[in-house]
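Q: Could you take me through one part of this protein slowly, as you would for someone in their first year? I would like to see how a single helix sits within the whole.

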Amino acid sequence: MGVQVVAVSRTRGDLDSLVVECPGVEPVCVDLGDWEATERALGSVGPVDLLVNNAAVALLQPFLEVTKEAFDISFDVNLRAVIQVSQIVARGLIARGAPGSIVNVSSQASQRAIPNHTVYCSTKGAMDMLTKMMALELGPHKIRVNAVNPTVVMTAMARTNWSDPQKAKTMLDRIPLGRFAEVDNVVDTILFLLSDRSSMTTGSTVPVDGGFLAT
């Protein structure tokens, strides 16, 4: 049995490319940092049974140079949008009396301090606790909520932020498997958490980090 996928992004070009690559995907172009626009764009989408909260920004600044703008943008997208989109989906599930699964894409940075990642680490630490709170309050409605906590994943954003060989070596030296994650490593874990194969798993933060958090 197939699924209908709705993809949300603020970047029209990325959505257009995705539709070419995966025909049948329903694209929704909206800036998730804009509460009112998100409400309008997603209010009529659905019904939705499974949700992956993957939108994020990484604005890297040392602690003493953190700006209000970087803080506001980061928390608006990395945390507040997760709350808003999850509320929309969860309310729909509850109204239909349907079970569901939500996966929040967090980071190893939620549990380890990384230089120049003050705001990013803070948003992901908050996301881990949000995941537990959502699991606690949505569990009675048969909605499971988990997080995946990857190491550096070779996306376009990561290739930019980790392009310096010395910076990359510093991180790779802390990963027992000695490599960064590929997108498929994270996707496979997300699919497991969305599926009934993880039907007794909720409130968990699952590392996909090559052993980084074990060191």
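Here is the part to look at: what does helix α4 (residues 118-138) pack against, and which of its residues are buried?

A: Let's start with the whole and then move in. Please keep in mind that this is a predicted model.

The protein has seven helices and six strands. Read from the N terminus, its elements run β-α-β-α-β-α-β-α-β-α-α-α-β. With 215 residues, a compact globule would have a radius of gyration near 17 Å, and the protein agrees with that because its own value is 17 Å. Its C-alpha atoms fill a box of roughly 50 × 35 × 35 Å along the principal axes. Buried residues make up 40% of the 215 residues. Among contacts with a separation of 6 or more, 67% join residues 24 or more positions apart.

Now for the helix itself. Helix α4 has 21 residues, and from its first C-alpha to its last it reaches 30 Å, close to the 30 Å expected at 1.5 Å a residue.

Which residues are tucked away? The buried residues of α4 are Val-119, Tyr-120, Cys-121, Thr-123, Lys-124, Met-127, Asp-128, Leu-130, Thr-131, Met-134, Ala-135 and Leu-138. A general rule helps when you read such a list: an α-helix has 3.6 residues a turn, so residues three or four places apart point the same way. As for partners, the buried residues of α4 pack against helix α3 and the strands β4 (100-105), β5 (143-150) and β6 (205-208).

Let's pick out one name from that list. Cys-121 counts as buried because its relative accessibility is 13%, under the 20% cut-off. Cys-29, by comparison, counts as partly exposed, at 33% relative accessibility. You might wonder about bonds between cysteines, but the structure holds zero disulfides. For Cys-29, the closest cysteine sulfur is in Cys-22, and that is 17 Å away, so the pair is too far apart for a bond.

Finally, look at a neighbour from outside the helix. Gln-61 lies in the loop between β3 (50-53) and α3 (68-96). Although it is in a loop, Gln-61 counts as buried, with 17% relative accessibility. Leaving aside neighbours within four places in sequence, Gln-61 is in contact with Val-66, Thr-67, Ala-70, Asn-116, His-117 and Thr-118. Thr-118 belongs to α4, which covers residues 118-138, so you can follow this contact from the loop to the helix. The side chain of Gln-61 also reaches the backbone nitrogen of Thr-67 at 3.1 Å.

Terms used: Residues numbered from 1 in each chain as written. Predicted model: local features only at pLDDT ≥ 70, side-chain atom pairs only at ≥ 80, totals over all residues. Heavy atoms only, no water. Disulfide = S-S within 2.5 Å. Buried < 20%, exposed > 50% of the residue type's maximum accessible area, 1.4 Å probe, protein only. Helix = DSSP H or I, 4+ residues; strand = E, 2+ residues; numbered from the N terminus. Polar contact = N/O pair within 3.5 Å; in protein donor to acceptor, adjacent residues only side chain to side chain. Contact = heavy atoms within 4.5 Å. Expected span 1.5 Å × (residues − 1). Rg over C-alpha atoms; globule rule 2.2 N^0.38 Å.
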